[in-house]
Amino acid sequence: MSCPFHHSQPKVQHDIPAEDNYDGGEGEPIPHPPESWILGNLREIDPSFATSSFWRLAEIYGPIYSLNLVKRNVIVVSDYNLIKEVCDDTLYEKYVTGVQENVRLLTKNGLFTAYNDEEEWGIAHRTLVPAFGPIHVRKMFPQMIDILSQMVLRWDRFGPEHRISCMEDTTRLAFDIIGLCAFNYRFNAFYGENSPVFAQQMLEVLIETGKRTSRLEWENQLRFLSKKHMTDNVHAMWKVCDEIVADRKAHPRPDLDDMLNIMLNAKDPITGKGLSDENIRYQIVTFLVAGHDTSAGTMNFLWYNLLKQPEALQKCYAEVDAVIGDRPVELDDIPKLKYIEASIKEALRFLGPIPVFNRHAKQTRLLGGKYKVTPRDAIVVNLKGLHHDPSVWGKDCDEFKPERFLNGGWERLPPNAWQPFGTGVRQCIGRYLAIQEIILTMAMILQRFVIEMADPDYQLKIMSTLTIKPEDFYIRARRRPGKDHLFTFTGGAAPASKPAETENNAAEAGNGSHFNLKPLSIFYGGNTGTCKSFGEDIESAAGNFGLSVPLKVQNLDEGVENLPKDHPLVIVTASYEGLPPDNARGFVAWLEARAVDPKNSSMLAGVTYSVLGVGNKDWAATYNRIPKLVDSLLEKLGATRLFPAGFVDVSQDIVGPFEDWKAGLFPKLRETVGATAVVTADVMKVDITHPETPSKLAGEPVSEGLVLDNKVIAKRGVGPEKRQINVLLPPGVEYRSGDYLVVQPYNPRDSIIRVMNRFGLHPDDLVTVSGTTKGHLKADNGGPISVYELIATRVELANPASQRQLTTMANLSQGTDAERLNALASDALYTNEILNKRFSILDLLEDFPSCALSFAAYLDMLSPLSPRQYSISSSPLAQAAVPASSTRFSSSSTANHPSEDITTSPKTSLTATLTYDVYQSPSYSHPATTTFHGVASSYLASLLPGARLRCFVRRTSVPFRLPVDPKTPVIMVAAGTGIAPMRAFIQDRAAIAAARPGGAEAVLGPAVLYYGCRDYEEDYLYREELKGWEGVGVVKVRVACSKRAEEGEEVGHVDQLLWRDREELRGLFDAGARILVCGSAARLGRSTAEVCLGVYMEAHPEKDRAEAEAWLLAQKEDRYVGDLFG
């Protein structure tokens, strides 16, 4: 067997003509980044994920740019008009270069990596293309069902709590389907703990080929061990392929109409030649490499997008139910599943496993009539650019929307607009097999299971080898009600059930009598932890009222097709700008989809429920919209409301209304279920021990950022101090302008000391909490937790005390303290004396020293310390990523990136900038003696360069982005530190203007920033930066100063400037402008909305206020977008 490296790099490159008689001139220069000596543009490329660098540079340099990658010159094209020409097979052809050329070490002249002029490619192409046509692929239906049934039973037997690695199982599926359908060979991927050895060897080879592509040639020559290991793997895989061929020759199967028989027996109609055994080996490897990886990747992207867009997922469920129902899927069902097919096409458009493909010109020419390209230039077709080109796909091109392929949408697409399988004669011949395989997979899974994300807040991370795919993406599969008969492929499998309640579970649910407890289900929807903490509070108290919560507190998406009918349920959920929380989107979409059909009016008959809404009245138009919607939809679908909905306004008293609602809820729950257990008071226990040596903080952070610098950008004076902190993110973490950095803060040091002094604690004391289900009070490992960590990182210390808490404290106090606390708990005094003055429980304990509140009772009163999110004020386009190897991140910093060892080289890090107010002022409760410190802002302000910050990136859930087309006008409105995301957006525009020919005037549409501050000299943030950007035409800046304005200007507010310029702004809006607003919801958000309403009503005098508000609400879908805070 020959060495795979032999003749792998030919001295004369195939496909490139020796002579070229071009005389068409030099054309226009192709934009390109600045080059460095020796390395050219290599520093622009993330070696672990080169395609992501192509995407980033395309955002900056536009539809075409060139790169000097030392070993080759690369031209990246990213828009439809250029790509349409490059896809013309008469002028351009496939270029086997880069990673594909290195993959030839394994696949040689197989279909995927053969050079255009190799005879074997023509023979194989003409022989095999008909065999992969739609008619032949239909005959593979039984084999596909065979393998799919194995995966279905595997998922079912593992049960609904099992975390399914979507990539691992779909890879096994696609690998086995290729093996059985093409060669009648079973790899039995679902019958072992690990994937087949062949698949593991293949992955290792693909990883090494990627590494070889990114390294310089001298480094590849020095890596002897890597080369030997790769050679061993290649030989082992070739051996298996040769054995498959030899076995078929020794035991012919003329009854089989599979690929192997065709390769062994068919003759090329042009040359009359067949395929050699050696070439059949390379074709088998090619089918397994290209076929399994792309199909599995597509399924993963499809599941991810459907789970992130539950409205589309519900339409897929509805289609499967309508077409197939409760019978087994049949071959003739496949063409009827139109919406699922459209969803697959949309997933491939939105982001598919093949992000780019390579072409080159057959002769030197002017691409697009402008840009000179030669046959030696590798032209990289950026499919993300093509598939998100608004000139083809519309302004909603960045939305996942399967409907775009329905009702004639597919037929209306211009040529070469959708190219996920490549183009021309070299496009993937297995596309029909892949589509049929994925449609069948979706049909069988959706018919049987409710699918949900194992991690509801998962954000897409991409792993890159030969293809791209979601990384660390896990799902759960739960049997749909009434579908048990569909699991009887081979005698059936008993449905897996959730864990039963244990004595330990019951013991945690309060301290009442735990005999004859009645079950209760609790679901929550929320992004910040508040709703979950309310749910855990209800769970903790349930045992005291004769109830138990055997399944613990579940997120709302776990309630899809899973609402109990034999016991009551409680739902706690929030709204975010009128939209569902991330972990409730699937549930709300399910309810909305079912409520459309009147036949479902009794679908939830037997369900009894009550809803608690958590909202903020600063968002008056959408206050508690989702809780109210859920409450009404449940009733519309036949459920019974057992107790009226309650509502908590987090901008006021966050605890009192919840406690009042809970006090009425539990008696009704007891009545509904007939609970007879004695009602007892909840008693939480806290045991404190004193260690000999100080304890360390327990648990690993979700993610760690590294503080690079932290500086004051506006001194305290006319307003709070304003700071800018630059945080180096963990390797591989990405963000876009408009995203947030979520920070887990520490409570202020003086507040921590006050708590410890009040209860006589030492920071090293260890605390063991029992008798409660509140997870935030316990160590992650179930053991003791240090007092310092508990007080500093787990609980909110500054929230105002509730009326019920005041009453409890009064009952534990003596004399005048008790009398005064009871008075403060009264309706007459509570709002003015406690709520408005923000008296915390700690403040009251210090003011009323006779109160004998225990440390356990104090902890039980406190809410969890919620993470705070800040808009990122920097643009990833305006910076170069930093290689992780050059940062101070240790190996533990990348522990949450398990694929680190299989990427092409270490990942890179981005810097995220936060711009924030430092809240520090005399406290409302004791203005003369104590100071209020903002929890998160004070923590951030205390961090020094080199400090570690627990944080993670959160994607914006609304279209708070710049328009896709940089020529679309933009109106930005901000005040104070609300300028943060606007700065990032302007950096985006500045980077684009600096990189593309013609500058801002040629490539950018108009943009205007309205910015509000107090004093032109003191707190006009980023004034010099903004002036610089304004000077080069990136943005127009109009500033409103409320206290002191620039000489010659009047003081005022942003809304006054907006009204003054309303005619100009109306013109921009009519031209398609997007309005972006960031600041206080109560002030800037409300005043900007009022201006918009006024402008609309001035232009439409026939409209009344209600009609104007309806118009503005419609614009908030994508034209008027706010990032507002309370």
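Helices here are DSSP runs of H or I with at least four residues, strands are runs of E with at least two, and both are numbered from the N terminus. What we are looking at is a predicted model, in which local features need pLDDT of at least 70 and side-chain atom pairs count only at pLDDT 80 or more, while totals for chains, interfaces and linings use all residues. Residues are numbered from 1 along each chain as its sequence is written, and side-chain values use heavy atoms, with hydrogens and water left out.

Let me start with helix H7. Its 18 residues, 166-183, should span 26 Å at 1.5 Å a residue, and the end C-alpha atoms are 25 Å apart, which agrees; the expected span is 1.5 Å times one less than the number of residues. H7 is mostly covered, with 17 of its 18 residues buried, where buried means under 20% relative accessible area, exposed over 50% and partly exposed in between, using a 1.4 Å probe and protein chains only. After H7 comes asparagine 184, whose phi is positive, near 55°.

Next, two single residues. Valine 614 lies in strand E18, residues 608-615, and counts as buried because its relative accessibility is 6%. Leaving aside neighbours within four places in sequence, valine 614 is in contact with residues including Thr530, Phe534, Val572 and Val650, contact being heavy atoms within 4.5 Å. Serine 873, by contrast, sits in the loop between strand E27 (868-871) and strand E28 (882-883), and this serine 873 counts as buried because its relative accessibility is 0%. Not counting residues up to four places away in sequence, serine 873 touches, among others, Thr913, Arg983 and Tyr1022.

Finally, the empty space. A cavity, on a 1 Å grid over the protein atoms alone, is a set of points where a 1.4 Å probe fits but cannot get out, and lining residues have an atom within 4 Å of a point. How many cavities of 30 Å³ or more does the structure hold? There are 4 of them, and the largest has about 70 Å³ of space. The elements giving two or more residues to its lining are helix H14 (338-351) and helix H15 (383-387), and H14 gives the most, with 4 residues. That lining divides into 8 nonpolar, 2 polar and 2 charged residues. The second largest cavity holds about 50 Å³ of space, and among the residues that line this second cavity are Val655, Glu796 and Met861.

Note on methods:
On a 1 Å grid over the protein atoms alone, a cavity is a set of points where a 1.4 Å probe fits but cannot get out, and a pocket is an open set with protein on both sides within 12 Å along at least five of seven lines; lining residues have an atom within 4 Å of a point. Grid points are joined across faces, edges and corners, and a volume is the space filled by probe spheres set on the points. Ala, Val, Leu, Ile, Met, Phe, Trp, Tyr, Cys and Pro count as nonpolar, Asp, Glu, Lys and Arg as charged, and the others, Gly among them, as polar.
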